[in-house]
Number of protein chains: 2
Amino acid sequence: MLKLIRSGAAVTRAQIVQQTGLARSTVAQRVDALVAAGLIYEAGDSLSTGGRRPTRLAFRHDSGVVLSADLGATHSRVAVHDLAAGPEAETAFDAEIADGPEATLALVHERFLALLAEAGRDRAHVRGIGVGVPGPVAFGTGRAVNPPIMPGWDRFSIPDWFADRFPDAPVLVDNDVNIMALGEHSAHWRESDHLLYVKVGTGIGCGIVASGHIHRGEVGAAGDIGHIVVTDHEDVVCRCGNIGCLEAVAGGHALARRLSAAGHPAQRSRDVVRLVREGNADAVRMVRAAGRSLGEVLAACVNFFNPRVIVIGGDLGDVHEHLLAGVREIVFQRSLPLATRDLRIVPSQLGDRAGVTGAANMVIEHILSPAAVDRALREAA
Amino acid sequence: MLKLIRSGAAVTRAQIVQQTGLARSTVAQRVDALVAAGLIYEAGDSLSTGGRRPTRLAFRHDSGVVLSADLGATHSRVAVHDLAAGPEAETAFDAEIADGPEATLALVHERFLALLAEAGRDRAHVRGIGVGVPGPVAFGTGRAVNPPIMPGWDRFSIPDWFADRFPDAPVLVDNDVNIMALGEHSAHWRESDHLLYVKVGTGIGCGIVASGHIHRGEVGAAGDIGHIVVTDHEDVVCRCGNIGCLEAVAGGHALARRLSAAGHPAQRSRDVVRLVREGNADAVRMVRAAGRSLGEVLAACVNFFNPRVIVIGGDLGDVHEHLLAGVREIVFQRSLPLATRDLRIVPSQLGDRAGVTGAANMVIEHILSPAAVDRALREAA
């Protein structure tokens with residue numbers, strides 16, 4: 001019912017009765033409950049051909065807000081969105097995720113309160129919280145599981161931590177590339193069913209949108225393409241112990257190390273970006289070669305998954321013209337013609353904002369799902 | 001409503017009212033329509049704690065049948081199932097798909113009529129038809145698209161051909177590995193959300209079940225893993241023009257050719273199976289090596305997709321102990337520990353019957369979907 005009202009498919013009680021087959025009394029009762037819950041309001045009379053004008057119902061997208069946080073290894077971003085995913089306030093700050101969950105989440109919480117004040121909101125408006133973290137997550141429980149770059153976070157319950165501060169807000173936690181994929185999909189590619197978002201930063205990971213929803217896989221491990229083997233790199237040993245992993249060949253950390261060994265000042269992926277922008281020929285050559293290795297893995301993903309769109313983001317996405325040249329060269333050579341016929345390979349449009357946008361959308365879909373709304377109305381009754 | 005009755009979640013009119021929130025009058029009306037359509041029947045009184053006993057409703061799974069056909073390059077199988085996917089009759093026969101659609105479908109039609117007679121059914125019982133073909137399919141229109149081994153079938157409308165013979169039966173056409181994946185999932189792995197079915201025959205293809213449904217990709221090209229590149233085979237040229245494709249390294253046709261070159265009598269994948277069974281050391285060694293190459297590609301698929309189950313079928317699946325040894329060796333070495341923690345890699349349990357089982361399930365889900373049932377009831381009214 002709320003979905004019909006949100007989408008504008010049915011805006012009067014009579015239309016809802018007609019479209020759902022629900023009893024008139026059931027509809028009247030639920031409309032009252034949704035109004036009482038502040039999710040919809042009576043927006044005035046609708047046009048009618050005669051008789052009493054039926055009241056038009058509308059979704060109150062400003063009736064609450066969701067908080068979202070995209071936690072990176074050294075840099076994080078937090079935001080406040082209304083219930084239609086309209087941005088109300090946003091900020092980014094440096095924070096070492098290796099400082100552990102208590103220190104990091106305290107910083108996030110502080111920013112949340114500041115952003116709420118900035119947006120003229122308070123705690124009572126918060127309907128849900130979405131958090132992205134740079135590691136594997138057991139989505140059902142909101143805990144990171146053996147995250148390699150998040151010491152102290154293993155099995156730590158992020159929802160429990162927030163439950164004390166925002167008791168009424170459900171907290172969803174997901175891997176950062178998953179929410180980035182959802183962010184790009186929600187903002188720019190809603191009409192495409194299948195999308196891959198590839199983050200090329202220190203490491204390399206992939207978020208998958210299948211039939212419009214995040215595909216997390218059986219244990220939340222889907223999209224871990226950084227350890228797929230690529231050809232012609234039998235000499236490259238990865239931190240995982242295997243040989244020739246994509247991440248060890250084409251990740252930002254690997255490129256920085258190789259540039260540094262070649263005498264160029266580079267420690268991390270952002271330094272690679274800087275060198276490319278300065279026109280350093282070695283850096284440009286290496287990023288193009290990295291694009292070709294990434295293209296080899298993505299060609300396999302295209303043959304296997306047949307997506308409509310591949311979005312390339314992450315630090316290295318900032319020099320996407322060089323990276324994408326290599327990716328496109330190999331994908332269009334190695335994937336089957338049918339699978340590449342309508343395929344788009346594009347740079348991220350949201351950039352650093354993909355994560356918080358996706359986390360906000362994830363939470364909104366959750367709290368406005370029929371099951372969640374039913375539960376909330378029952379509890380209110 | 002039909003779903004609730006089929007699953008046994010709600011078996012009286014009152015329970016349906018309670019669980020759906022639909023008006024009592026709406027429920028009564030729809031129950032009458034479903035009874036009139038022969039999809040449900042009044043199965044007698046249910047237990048009651050007093051007063052008038054409410055009537056128990058039950059799904060009439062024998063109220064109709066679906067026909068299914070799994071067309072192979074040289075061999076096909078057709079079957080009749082009831083609406084609960086219970087098998088009623090089945091047969092297999094040799095037919096060259098290269099003879100074109102008219103000749104092939106005439107043979108299929110002839111078998112359909114014979115099987116219907118065998119099952120004590122007639123045309124009027126046929127509620128739907130499912131067909132699997134060995135090539136890419138535009139699922140929406142039921143036409144093969146540039147199928148490499150199906151001369152004469154390109155863009156031929158299989159649904160139109162059957163429409164003249166079974167005017168009231170919707171016809172769904174899909175790629176053969178897709179219906180095989182659905183068959184294994186429906187029969188043995190319903191509780192697993194994500195499954196891959198790999199057919200290792202002349203070529204190599206993969207059917208994908210994601211969140212319980214066939215994942216076809218944006219243009220129906222998903223699962224084409226035969227042309228993913230594998231390492232250490234820079235000398236192998238594939239018929240697609242690329243170097244080192246999985247199919248050219250590990251497909252049944254490639255193995256037969258290599259065995260033949262080594263002086264062993266082998267022309268096609270079944271010959272490879274025979275040689276392995278005879279204990280031919282070259283054949284055993286080659287199948288194990290093929291398993292490792294397949295394992296390399298599947299390790300990538302596991303990292304990317306994180307399935308719960310990988311089912312190995314096709315001709316070479318008949319010597320699965322050797323093939324799976326190679327697959328498991330590489331998948332468990334090259335995939336990430338989290339993704340392989342609960343992963344099962346198993347031989348096909350349905351064998352040659354996977355295709356017709358899956359095609360039957362595909363059609364049943366379609367014709368009993370709420371949208372299809374609503375449409376049928378409206379047309380009947």
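**Entry 1: strand pairs in chain B**

Two strands count as paired here if DSSP finds at least two bridges between them. I am working on a predicted model, and I started with β9(B).

I looked up how strand β6 (residues 126–133) of chain B goes with β9(B): the two pair in the parallel sense, over five bridges. For a register point I took V131(B), which stands opposite V173(B) in β9(B). Then I asked how many residues of β9 (residues 171–175) of chain B are buried. Five of the five are, so I noted the strand as largely enclosed by the rest of the structure. The cut-off behind that word is 20 or more other C-beta atoms within 10 Å of the residue's own.

Next I went to β4 (residues 75–82) of chain B. I have it down as mostly covered, with seven of its eight residues buried. I then checked its partners.

- β3 (residues 65–71) of chain B is joined to β4(B) by seven bridges, and the two run antiparallel. I marked S68(B) as standing opposite A79(B) in β4(B). β3(B) and β4(B) make a hairpin, with three residues between them.
- β5 (residues 87–94) of chain B is joined to β4(B) by seven bridges, and this pair runs antiparallel. Here I marked S76(B), which has F93(B) of β5(B) opposite it. The hairpin of β4(B) and β5(B) has four residues between the strands, and A85(B) in it takes a positive phi near 65°.

**Entry 2: a helix pair in chain B**

I looked at how α10 (residues 281–305) of chain B sits on α11 (residues 320–334) of chain B. They pack at an angle of about 35°, and their axes are 6 Å apart. Which hand does the crossing of α10(B) and α11(B) have? I got right-handed. I sorted the residues of that contact, α10(B) with α11(B), into 14 nonpolar, four polar and five charged.

**Entry 3: positive phi away from glycine**

I pulled up two loop residues. D232(B) has phi near 65°, positive although the residue is not glycine. I placed D232(B) in the loop between β12 (213–214) and α7 (246–250) of chain B. Is D232(B) buried or exposed? Partly exposed is the call, because D232(B) has 13 C-beta neighbours inside 10 Å, and exposed would need 12 or fewer.

In chain A, I found phi of N146(A) near 45°, again a positive value in a residue other than glycine. N146(A) lies in the loop between β8 (143–144) and α5 (158–163) of chain A. With 13 other C-beta atoms within 10 Å, N146(A) goes down as partly exposed.

**Entry 4: domains and a sheet in chain A**

I copied out the domain assignment of chain A: domain 1 (2–59), domain 2 (65–169 + 355–380) and domain 3 (187–349). How many Å separate the centres of domain 1 and domain 3 of chain A? Over C-alpha atoms, I have 47 Å.

Then I traced an open sheet of five strands in chain A. Its order is β12-β11-β10-β13-β14, with mixed pairing. I put β12 (213–214) and β14 (344–347) of chain A at the edges, where each pairs on one side only. β13 (residues 309–313) of chain A and β14(A) pair in the parallel sense, over four bridges. I noted V346(A) in β14(A) as the bridge partner of V311(A).

**Entry 5: G21(A)**

I found G21(A) in the loop between α2 (13–20) and α3 (24–36) of chain A. Leaving out residues up to four places away in sequence, G21(A) touches L22(B) and T26(B). I wrote it up as partly exposed because G21(A) has 17 C-beta neighbours inside 10 Å, short of the 20 that buried calls for. I also took a distance within the chain: the C-alpha atoms of G21(A) and A95(A), 74 residues apart along the chain, are 52 Å from each other.

**Entry 6: where chain A touches chain B**

Last, I went over the interface. I have 40 residues of chain A in contact with 40 residues of chain B. On the side of chain A, the elements that give two or more residues are β11 (204–210), α10 (281–305) and α12 (337–340). Which of them gives the largest share? α10(A) does, with six residues. By type, I split the side of chain A that touches chain B into 20 nonpolar, twelve polar and eight charged residues.

Terms used: Residues are numbered from 1 along each chain as its sequence is written. Chains are lettered from A and ligands numbered from 1 in the order in which they are written. This is a predicted model: local features need pLDDT of at least 70, side-chain atom pairs count only at pLDDT 80 or more; totals for chains, interfaces and linings use all residues. Two residues are in contact if their C-beta atoms, placed from the backbone, lie within 7 Å. Ala, Val, Leu, Ile, Met, Phe, Trp, Tyr, Cys and Pro count as nonpolar, Asp, Glu, Lys and Arg as charged, and the others, Gly among them, as polar. Axes are lines fitted to C-alpha atoms, for helices over the stretch in contact, and angles run from 0 to 180 degrees between N-to-C directions. A crossing is left-handed if the near helix is turned anticlockwise from the far one by less than a right angle, and right-handed if clockwise. Domain bounds come from an automatic or database domain assignment.
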